[in-house]
Amino acid sequence: MRVNPPIDMTAMYYREKLKTAGIPEEQIGLFYATPCAAKIAAVKSPVGEIKSAVTGVINIDFLYNRILKFLSLKYTETEPPQTDDLLTSRGILWSLTRGEVTHFSGRGLAIDGIKNVNEFLENIENEKLDKVDFLELRACDESCAGGILIRGNRFLTVERLKNRSEEYGAREDDRNLKMDEGFIDINEHGFLGNIEPRPMGKLDEDLSIALRKMERKRRLMCFLPGFDCAACGAPDCQTLSEDIVKGEAQISQCIFMQQQMIKQNLLSQDHAFRITENIWGAERLEKNCNKMGAEDENN
Ligand code: SF4
């Protein structure tokens, strides 16, 4: 759908608002606290736009630990920061499965979970399904509530958001009124430009080099274990092997290959640890009982 996503529309709204309040454009920074790694890509290489209206992205789990630490210091006298009360019940539910499709009057279907989405797209490609007007496709189970950067249990997050949406619903009229006072001209900013297919998986511009790289990639796949565990930072072994032949990754990023290399004295234990630390960040490897499934998960 060639419509600007809410994240960009919101950023445009606040940029205009700050400019109207007299803040110079170069001093405005708009950062999105994201539950989702895909949103990082959406900001860095936006679809249908040259540049995203968002300045940068901060992972929610990074913020969560810092805010939790701050709260545990019991600075309760600190006033919460002032925010615009522009949330709506529909806005809160938008991030959950069926959040978009319920606003569509034609035949719309909502699919979540990357495997389900793949399977569904294959059905469409194989012409097993037709006459669908709108598809809401979300990579994560339970949509944004299941984003990999979200803290806590996705089902409890869904429950919390639904409860919050009901609370907001009671005061909905006021909020709709406020939204109409926005600065954004939907016709001017609401629609995207042309969406061109992106060249995916191209190993090289030169076909003969690309073929050699393809051979090398296949050789590498003889060594990589095929667990597709993503511990190397790539989503699966195929992607890591592709990144290696493109010169963007090393085979030592695979944690299983690291063990082989340590056994053969090709890599030290310390070096292997540093590689993993570089991929995931030192903080990720530290003890943290607030992570999903840990004893303080919901505290
Ligand atoms: S860490 Fe190794 S096994 Fe896991 S996805 Fe990466 S290459 Fe594959």
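1. Valine 117, in this predicted model, lies in helix H5, which covers residues 114-125. Once its neighbours within four places in sequence are set aside, valine 117 is in contact with Ile111, Leu137 and Arg138. Its partner leucine 137 is 20 residues away in sequence, while the two C-alpha atoms are 6.3 Å apart in space. Valine 117 has a relative accessibility of 8%, and because residues under 20% count as buried, it is assigned to the buried class.

2. On the overall layout, the secondary structure of the protein chain amounts to twelve helices and four strands, and the C-alpha trace spans about 65 × 55 × 40 Å along its principal axes. Of the 299 residues in the chain, 29% are buried. Among contacts with a separation of 6 or more, 65% are accounted for by residues 24 or more positions apart.

3. Helix H1 comprises 15 residues, 6-20, and its length can be checked against expectation: at 1.5 Å a residue it should span 21 Å, and its end C-alpha atoms are indeed 21 Å apart, so the two values agree. The buried residues in H1 are Ile7, Asp8, Met9, Ala11, Met12, Tyr13 and Arg15, and what covers them includes strand S1 (31-34), helix H2 (37-44) and helix H8 (186-189). After H1 comes glycine 22, with a positive phi near 95 degrees.

4. The pairing of helix H9 (residues 207-223) with helix H10 (residues 237-245) can be described in some detail, since their axes come within 9 Å and cross at roughly 135 degrees. The two helices are therefore oblique to each other, because an angle has to be over 145 degrees to count as roughly antiparallel. The crossing of H9 and H10 is right-handed. On the H9 side the contact is made by Lys213, Arg216, Lys217, Leu220 and Met221, and on the H10 side by Cys237, Gln238, Ser241, Glu242, Ile244 and Val245. Sorted by class, the residues in this contact are five nonpolar, two polar and four charged.

5. Helix H10 itself is mostly covered, with seven of its nine residues buried. These are Cys237, Leu240, Ser241, Glu242, Asp243, Ile244 and Val245, and H9 is included in what covers them. Following H10 is glycine 247, whose phi is positive, near 80 degrees.

6. Two residues other than glycine deserve a look for their backbone angles. Most residues other than glycine have a negative phi. Glutamate 142, although not a glycine, has a positive phi of about 65 degrees, and its place is in the loop between strand S4 (134-138) and helix H6 (154-169). With a relative accessible area of 23%, glutamate 142 is partly exposed.

7. Alanine 230 likewise has a positive phi, of about 70 degrees, although it is not a glycine. Its place is in the loop between H9 and H10, the helices whose crossing is described in point 4. At 24% relative accessibility, alanine 230 counts as partly exposed, because that class begins where the buried one, under 20%, ends.

Methods: Residues numbered from 1 in each chain as written. Predicted model: local features only at pLDDT ≥ 70, side-chain atom pairs only at ≥ 80, totals over all residues. Heavy atoms only, no water. Expected span 1.5 Å × (residues − 1). Buried < 20%, exposed > 50% of the residue type's maximum accessible area, 1.4 Å probe, protein only. Contact = heavy atoms within 4.5 Å. Axes fitted to C-alpha atoms, helices over the stretch in contact; angles between N-to-C directions. Parallel < 35°, antiparallel > 145°, perpendicular 65-115°, else oblique. Left-handed = near helix turned anticlockwise from the far one by under 90°. Nonpolar A, V, L, I, M, F, W, Y, C, P; charged D, E, K, R; others polar.
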